[in-house]
Amino acid sequence: MIRIKQLIFFILLGIFLFNGCSAASIQSEKLKDLDFTVVKEEDIPEQLKDEIEKKKGETFKMTFMDESYLYICVGYGEQITGGYSIQVNDLYLTQNAIYIDTNLIGPDKSEEKKVAASYPYIVVKLEKREEPVVFD
């Protein structure tokens, strides 16, 4: 009798997990790409700039909202040289979230590298939205 109960439990658990995975994939389906602007350092709001300064030594992912805009920030922590850039691979809206995917691009091998620490990060700005942000 206990084996039958265990078998039923595992079958129900498998069905539950299988359905949960398919529901999650439907909710992360891209509805549309979002328009954004990469913010120059001098245009970053002071309060956000202060937060970035505190976190820039480590990898970070954060959002900031003011009365008009949503700012999404991704930092890659301390790097031993300069010359890094960050690419936004994707920024899109799903039914229940905003997804962003970025990539750190190393310095060009032909470039002369300054042996000085750098703290690459990117700040993108988009129209104010209330959906949570998922960092891929």
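Visitor: How much accessible surface does the protein have, and what percentage of it belongs to carbon and sulfur atoms?

Guide: Accessible areas come from the Shrake-Rupley method with a 1.4 Å probe. Here the accessible surface is about 9600 Å², with 53% belonging to carbon and sulfur atoms. This is a predicted model: local features need pLDDT of at least 70, side-chain atom pairs count only at pLDDT 80 or more, and totals for chains, interfaces and linings use all residues. Residues are numbered from 1 along each chain as its sequence is written, and side-chain values use heavy atoms, leaving out hydrogens and water.

Visitor: Which order do helices and strands follow along the sequence?

Guide: Helices (H or I, at least four residues) and strands (E, at least two) are DSSP runs, numbered from the N terminus. The protein has two helices and eight strands, in the pattern α-β-β-α-β-β-β-β-β-β.

Visitor: And how should I read pockets?

Guide: Rolling a probe the size of a water molecule over the atoms shows where empty space is left. On a 1 Å grid over the protein atoms alone, a pocket is an open set of points where a 1.4 Å probe fits, with protein on both sides within 12 Å along at least five of seven lines; lining residues have an atom within 4 Å of a point. The largest pocket in this protein has a volume of about 220 Å³, counted as the space filled by probe spheres set on the points.

Visitor: Which strand gives the most to the lining of the largest pocket?

Guide: That is S7, with three residues. Strands S5 (85-93) and S7 (121-127) each supply at least two lining residues. The lining includes Val38, Lys40, Tyr84 and Ile122.
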